[in-house]
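Got the viewer open? Load the model, switch to a cartoon view, and we'll walk through it one selection at a time.

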Amino acid sequence: MRLVLDTNVLLSALLSSSSPPAQLFALWRGRTFDLITSAEQLDEIMRVTRYPKIRVRLAPAIAGRLVNQLRDLAIVVETLPKVNRSPDPEDNHLLALAQAGVAQFLVTGDKRLLSLKRHESARILTPAAMVELLK
């Protein structure tokens with residue numbers, strides 16, 4: 001099974017160890033599913049984790065470890081198609097990532113993305129719904 005986890009889900013996994021995002025991260029580390037990412041998402045993680053409000057809660061070393069794990073263990077998609085479907089143009093890269101990676105699921109907490117319900121082969125679900133589905 002192939003999943004895309006929104007950047008907010010990945011960062012939430014590091015901020016709260018008992019949350020559904022943290023459970024998903026643990027399931028990925030346990031090889032329950034393949035995680036799809038891209039250079040664009042890795043850049044976004046590095047950029048967002050430099051914001052002062054995030055740095056207060058998340059040490060740079062932990063953020064760096066996340067990026068390294070994603071580079072080493074996730075499937076990194078090199079080329080993303082042009083997608084212009086998200087209500088928020090900033091999120092089109094996630095839809096493109098799900099499409100290029102032939103993901104079955106895109107997991108996000110973003111209500112605007114969730115309202116789409118599906119993109120290509122990917123169902124769009126919340127972290128909690130994905131955890132339930134994987135049980």
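**Start in the sheet**

Select Leu106 and you'll find it standing opposite Ile124 in β6. Those two sit in a pair of strands, β4 (residues 105-107) and β6 (residues 122-125), which pair in the parallel sense over 3 bridges. Strands here are DSSP runs of E with at least two residues, helices are runs of H or I with at least four residues, and both are numbered from the N terminus. Two strands pair if DSSP finds at least two bridges between them.

Before going on, some ground rules: this is a predicted model, where local features need pLDDT of at least 70, side-chain atom pairs count only at pLDDT 80 or more, and totals for chains, interfaces and linings use all residues. Residues are numbered from 1 along each chain as its sequence is written, and side-chain values use heavy atoms, with hydrogens and water left out.

Now colour the strands. They make an open sheet of 6 strands with mixed pairing, in the order β3-β2-β1-β4-β6-β5. Look at the edges: β3 and β5 stand there with a single partner strand each, so one side of each has no neighbour in the sheet.

Go to the β3 edge. Here β2 and β3 run parallel, joined by 3 bridges; select Ile36 and you'll see Ile75 of β3 opposite. At the β5 edge, β5 and β6 run antiparallel with 2 bridges, and His119 stands opposite Ala122 in β6. This hairpin has 2 residues between its strands, and Glu120 takes a positive phi near 50° there.

**Zoom out**

Show the whole chain. You should see 8 helices and 6 strands, and along the sequence they follow the pattern β-α-α-β-α-α-α-β-α-β-α-β-β-α. The radius of gyration (taken over C-alpha atoms) is 14 Å, close to the 14 Å from the globule rule (2.2 Å times the number of residues to the power 0.38) for 135 residues, so the protein is as compact as a globular protein of that length. Along the principal axes, the C-alpha atoms fill a box of roughly 35 × 30 × 30 Å.

Turn on the surface: about 7100 Å² is exposed, and carbon and sulfur atoms supply 51% of it. Accessible areas like this one come from the Shrake-Rupley method with a 1.4 Å probe, and for residues only the protein chains shown count as cover. Buried residues make up 48% of the 135, where buried means under 20% relative accessible area, exposed means over 50%, and partly exposed lies in between (1.4 Å probe, protein chains only).

**Look inside**

In soluble globular proteins, nonpolar side chains tend to be buried together. Here the largest nonpolar core has 27 residues, and those with the most contacts inside it are Leu5, Leu10, Leu24, Leu35, Leu70, Val107 and Met130. Such a core is a set of buried Ala, Val, Leu, Ile, Met, Phe, Trp, Tyr and Cys residues joined through side-chain atoms within 4.5 Å. Two or more residues each come from β1 (2-5), α1 (7-15), α2, α3 (39-48), α5 (60-73), β4 and α8 (127-134). Apart from this core lies another, of 17 residues, including Val4, Val77, Leu80 and Leu97.

Which residues is Leu35 in contact with, leaving aside its neighbours within four places in sequence? Select Leu3, Val4, Leu5, Leu10, Trp28, Leu70, Ala74 and Ile75 to see them. Contact means heavy atoms within 4.5 Å.

**Check the charged pairs**

Next, look for the 2 salt bridges, each a side-chain nitrogen of Lys or Arg within 4 Å of a carboxyl oxygen of Asp or Glu. Arg112 pairs with Asp88, their closest N and O atoms being 3.3 Å apart. This pair links distant parts of the chain, 24 residues apart: Arg112 is in helix α7 (residues 111-114) and Asp88 is in the loop between β3 (75-77) and α6 (92-100). Arg112 is partly exposed at 43% relative accessibility, while Asp88 is buried at 16%. The other bridge joins Glu132 and Lys135 (3.3 Å, N to O), and both residues are exposed.

**Last stop: two loops**

Most residues other than glycine have a negative phi. Select Arg31, in the loop between α2 (20-29) and β2 (34-38), where phi is positive, near 70°. Arg31 is exposed, with a relative accessible area of 55%. Then move to Lys117, in the loop between α7 and β5 (118-119). Lys117 also has a positive phi, about 70°, and is exposed at 61% relative accessible area.
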